[in-house]
Amino acid sequence: MSSKSQRLWTRADVLAAVLNGDTLIVYRDLLLRIPDKWLDAHPGGNLALLHFVGRDATDEIEAYHFDNTLRLIARYAVGRVQNSLEQPWDPLVPPIMAGWVRRRDAGGKPYWHREAVELRSTENTATAPSSQILLLSTDASPLQEKGLAGPTEAALIPPPATLSLQAQARLSQAYRDLHQRITEAGLYETPYLTGYGPEVARYTLLALVSAYAYSHRWFMTSAVFLGLLWHQLVFTAHDLGHMGVTHNWTIDRLISIGIADFIGGLSIGWWVQNHNVHHIVTNHPSHDPDIEHIPFFAISTSFFSSLWSSYYKRTMVFDRFAKFLISLQHKIFYIVMAFARFNLYANSYVYLIQKATDTKRARGGTWAWRLEVLGIAFFWTWFGRVLYGTGSWQNALAYLLVSHIVPSPLHVQIVLSHFSMSTADLGPTESFPHRQMRTTSDVICPESIGFIHGGLQLQVTHHLFPRLPRHNLKKASLLVKEFAVENGLTYAEFGFIAGNQDVLGVLRDVAEQVKIVGMVAQSEVVEAVEKSAPELKNKEG
C-alpha cells in the first residue's frame with residue numbers, strides 16, 4: 001500500500017475535501033475516494049454512493065457486494081480514518097442529503113449545484129426527531145442563501161442525534177457477526193433444484209393454462225392465469241436484480257431482462273436503480289422513491305410541505321388535487337393498487353428514454369439498454385397480438401384490465417412491509433441494521449402458501465441481507481430474530497389482514513390531518529375577512 005493511502009485523515013480533513021468536491025466514503029478504517037468515472041459507472045447507480053459521502057458505509061457495502069468485489073475496494077483507498085468500537089467514525093451529512101449535487105458545465109468543469117434546501121427539524125418528537133433533515137424546492141430558499149456557490153461546513157454537520165454513536169457501532173459489529181454466521185451456514189448457496197425447480201414448474205403450468213384457455217376463446221380465464229404468471233415471475237426477477245440467483249451480474253441481468261422486459265414489459269434496469277435506493281434510504285420521505293407517491297398517497301404529514309425528491313429530481317407538490325386525493329386515500333387505496341402495474345410501465349419507459357441520451361451508462365449499460373428496448377418492443381408485439389386476437393375492443397380492454405388487476409395483491413404486499421413503519425430520519429449516526437429493522441416488517445403466513453408471497457413476506461431479513469437467495473430467507477430469519485432479542489431490537493411482523501388494517505389506519509390518520517389542515521386554513525381566512533371588514537367600513541366612512 002502506498003504512503004499516500006497510509007495517511008490518517010481527520011474528520012476536518014474529510015469535511016474540507018468533501019466541500020471541495022471529493023466523493024469520500026468510509027469503509028472499515030479505509031477512506032475511499034470514488035472517481036467520477038466510477039461514480040457514473042457503478043452498477044447500483046450513483047445515488048447508492050452519494051448517500052454515503054462522509055459516512056461509514058461498511059455494512060451497506062458488505063451487504064450488497066460479494067467477496068471478489070470487496071477485495072478490489074482497497075484500490076480506491078486514499079488513507080485511513082479512526083473507526084473502531086471505542087472510537088467510531090463521526091459521520092457527516094452527505095451533500096445530496098443537504099440538497100447539493102455536483103454537475104459539469106459545457107466545458108466539463110465540475111461545480112456545485114443546489115437542487116434543494118434543507119428543512120431541519122425544530123423539535124424532537126417520534127415523527128420529527130432533532131436529527132431529521134428533509135428537503136424542499138430551492139424556491140423555498142432564503143434570499144441570503146440563493147447566492148451560495150456550494151455547501152457550507154454547517155450544512156454537512158449533522159443535527160443533534162437521538163442515537164448513541166458508540167451503541168450504533170456495537171450494533172454494526174453484532175450485525176457483521178450475524179452476517180458471518182449466515183455465510184458459514186451456507187445460506188448464500190442458491191437451492192436451484194428445491195427452490196427454483198417448483199418455481200419453474202409453476203410458471204410453466206400457469207403459462208400453459210393461460211394459452212390453453214386463450215386457444216378455446218376463454219379470454220377472461222386466460223387473462224387471469226396470465227396475471228398470475230406475471231405475479232409469480234416478479235419474485236424471480238426481484239431475486240435476479242439483487243444478484244441472488246447465480247450471483248453473477250451478467251448472467252443474472254440477462255435472465256432478468258428475459259423475464260421482466262420480454263415477458264412482463266417492465267424495465268429491470270429501472271427497477272434495480274429504484275430498488276437499490278429504496279434499500280439504502282428506506283422510508284425517508286425525501287429520498288426513498290418507494291414511499292414517494294404524491295398526489296395519490298402520503299404516509300406521513302411531512303409530505304404536506306411539498307418535499308423535494310432527490311430520486312425523482314422534482315418537487316412533490318402538495319396542491320389542491322393532492323389534498324383531495326389524499327383526503328380519500330384510505331378509501332381509494334385498493335382501487336389505485338389495482339392499476340399499479342400501469343405506473344410501473346410509465347416509470348420503466350421514462351427510465352429507458354432518459355438512458356437513450358445518457359452517456360454515463362453503468363456497467364453493461366449499452367448492451368443491457370439495447371436488449372431492454374428490444375425486450376419491451378417484443379413484449380408489446382406479442383401482448384398486442386394477444387389483445388387483437390380477442391376479436392373486439394371490448395374484449396381487448398377487458399383482457400388488459402383483468403390481466404393487470406390480478407397481480408395487484410403483489411403491490412399491496414410490498415407496501416405492507418413499509419407503509420405502517422417509521423418515516424422519521426434518525427440521521428447519519430443510525431446504523432444499517434437499526435434502520436432496516438425500524439422501517440421494515442414481515443408478513444406472517446403459513447409456510448404452505450408462502451409461494452403466494454414469493455418468500456418476500458420475510459422483508460426484515462431480506463432488507464438486512466438483500467443478496468440472500470429468497471428460498472433461504474426462512475432459515476436466516478430465525479437467526480435474525482435471535483439477533484434482535486440479543487440487541488434489544490424489535491422484529492416487526494403481522495398477519496396479512498392485520499397488516500392491511502395497519503396500513504389503512506396510517507392512510508386514514510394522514511387523511512384526517514389533511515382535513516384538519518383544511519379546516520384551520522378556512523378558519524384563518526374567515527377570521528382575516530372578519531378583521532378586515534370593520535377597517536373597510538371605516539375607510540368608506
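This report describes helices, strands, nonpolar cores and aromatic pairs in a predicted model.

## Helix α9

Helix α9 spans residues 219-241, a run of 23 residues. From its first C-alpha to its last it reaches 32 Å, close to the 33 Å expected at 1.5 Å a residue. The helix is mostly covered, with 17 of its 23 residues buried. M243 follows α9 and has a positive phi, near 55°.

## Nonpolar cores

The largest nonpolar core has 77 residues. Those with the most contacts inside this core are W9, V14, L24, L31, F383 and Y399. Helix α9 gives the most to the core, with 8 residues. A second, separate core of 28 residues includes V117, L134, V443 and V506.

W9 can be followed through its contacts. Leaving aside residues up to four places away in sequence, W9 touches V14, A17, L24, L31, R33, V78, G79, R80 and V81. The ring of W9 also lies beneath a charge: the charged end of R7 sits over this ring, 3.9 Å from its centre.

## Aromatic pairs

The structure holds 24 aromatic pairs. A pair of aromatic rings is described by the distance of the centres and the angle of the planes. The rings of Y175 and F432 have centres 5.5 Å apart and planes at 70°; this angle is over 60 degrees, so the pair is edge-to-face. Because Y175 lies in helix α7 (residues 165-184) and F432 in helix α18 (residues 432-439), the pair ties together parts that are 257 residues apart in sequence. Y175 counts as buried, at 1% relative accessibility, and F432 is buried with a relative accessible area of 1%.

A further edge-to-face pair is formed by F333 and Y334, whose ring centres are 4.9 Å apart and whose planes are at 65°. F333 is buried, with a relative accessible area of 0%, whereas Y334 is partly exposed, with a relative accessible area of 40%.

Ring pairs also link a cluster made up of Y214, F219, W230, F339, F342, Y345, Y349, F379, W380, W382, F383 and Y399. Two of its members, F383 and Y399, are among the residues with the most contacts inside the largest nonpolar core.

Another charge over a ring involves R102 and W112: the charged end of R102 sits over the ring of W112, 4.9 Å from its centre.

## Helix α17 and the loop to α18

Helix α17 (residues 408-416) is mostly covered, with 7 of its 9 residues buried. The buried residues in α17 are S408, L410, H411, V412, Q413, V415 and L416.

The loop between α17 and α18 contains T429. T429 has a relative accessible area of 12%, which is under 20%, so this residue is buried. Apart from residues up to four places away in sequence, T429 touches P91, A161, L163, S164, L165 and Q168.

## Strands β7 and β8

Strand β7 (residues 116-120) pairs with β8 in the antiparallel sense over 5 bridges. V117 has L136 as its bridge partner in β8. V117 also belongs to the second nonpolar core.

Strand β8 covers residues 133-137, and 5 of its 5 residues are buried, so the strand is largely enclosed by the rest of the structure.

Terms used. Residues numbered from 1 in each chain as written. Predicted model: local features only at pLDDT ≥ 70, side-chain atom pairs only at ≥ 80, totals over all residues. Heavy atoms only, no water. Helix = DSSP H or I, 4+ residues; strand = E, 2+ residues; numbered from the N terminus. Expected span 1.5 Å × (residues − 1). Buried < 20%, exposed > 50% of the residue type's maximum accessible area, 1.4 Å probe, protein only. Core = buried A, V, L, I, M, F, W, Y, C linked by side-chain atoms within 4.5 Å. Contact = heavy atoms within 4.5 Å. Phe/Tyr/Trp six-rings, centres within 6.5 Å; stacked < 30°, edge-to-face > 60°. Lys NZ or Arg CZ within 6 Å of the ring centre and 35° of its normal. Pairing = 2+ DSSP bridges.
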